[in-house]
Amino acid sequence: MTWMTVLFGVLVAATLAAGMHLRWGRGCVTLGIYTLVAEISFWAGHWAAGRQGWNWGRWGALALGPALLAALAAVGLAAFLLYVPPPSAETRKPPTR
C-alpha cells in the first residue's frame, strides 16, 4: 500500500467524522472523539476485509466499502452515546436579576 492510499484513507475517515460532527457534534472534544473512532474503525474494517478476502467494495488497494461501513457504524454509535439533548423549556430556569 502506497503512502497516497494511506493518506486517502485517513482523509476519507476524517471527512466522515467531520460530517457527523457537523450534524451532532458539540465542541472540539466530540470532534476529536469522532475522528479517533472513525480512523480506528476505518482501518479495522479495511484490515478485516483483507483478512477475510472480501473483494466487494474494493477501490484500488483499499477495501473502501467495508472500511466505510465500519467507520459509519462506529461513529454513529459514538454519536448516539455522546448525544446530549438541549434542555427543554420546562427545565430551563428563568433569568434572575
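What share of the contacts in the chain with a separation of 6 or more comes from residues 24 or more positions apart? I looked this up before anything else, in what is a predicted model, and I noted that such residues account for 61% of those contacts.

Entry on the overall layout. I counted 3 helices and 2 strands in the chain, and, reading along the sequence, I wrote down the pattern α-α-β-β-α. For the extent of the chain I looked up the C-alpha trace, which spans about 65 × 25 × 15 Å along its principal axes. I also checked the radius of gyration, which is 18 Å for the chain, whereas a compact globule of 97 residues would have one near 13 Å.

Entry on the surface. I noted an accessible surface of about 6800 Å² for the chain, with 71% of it belonging to carbon and sulfur atoms, and I found that 28% of the 97 residues count as buried.

Entry on Leu7. I located Leu7 in helix H1, which covers residues 3-24, and I recorded it as partly exposed because its relative accessibility is 39%, which lies between the cut-offs of 20% and 50%. Together with Trp3, Met4 and Leu11, Leu7 forms a nonpolar patch on the surface, and I noted about 470 Å² of accessible area for these residues together.

Entry on His46. I then turned to His46, which sits in helix H2, residues 28-52, and which I recorded as buried because its relative accessible area of 14% is under 20%. Leaving aside neighbours within four places in sequence, I found His46 in contact with Met1, Ala61, Leu62, Ala63 and Ala67.

Technical notes. Residues numbered from 1 in each chain as written. Predicted model: local features only at pLDDT ≥ 70, side-chain atom pairs only at ≥ 80, totals over all residues. Heavy atoms only, no water. Helix = DSSP H or I, 4+ residues; strand = E, 2+ residues; numbered from the N terminus. Buried < 20%, exposed > 50% of the residue type's maximum accessible area, 1.4 Å probe, protein only. Contact = heavy atoms within 4.5 Å. Patch = residues over 30% accessible without salt bridge, like charges linked within 9 Å, V, L, I, M, F, W, Y side chains within 5 Å. Areas by Shrake-Rupley, 256 points an atom, 1.4 Å probe, with all protein chains shown as cover. Salt bridge = Lys/Arg side-chain N within 4 Å of Asp/Glu carboxyl O. Rg over C-alpha atoms; globule rule 2.2 N^0.38 Å.
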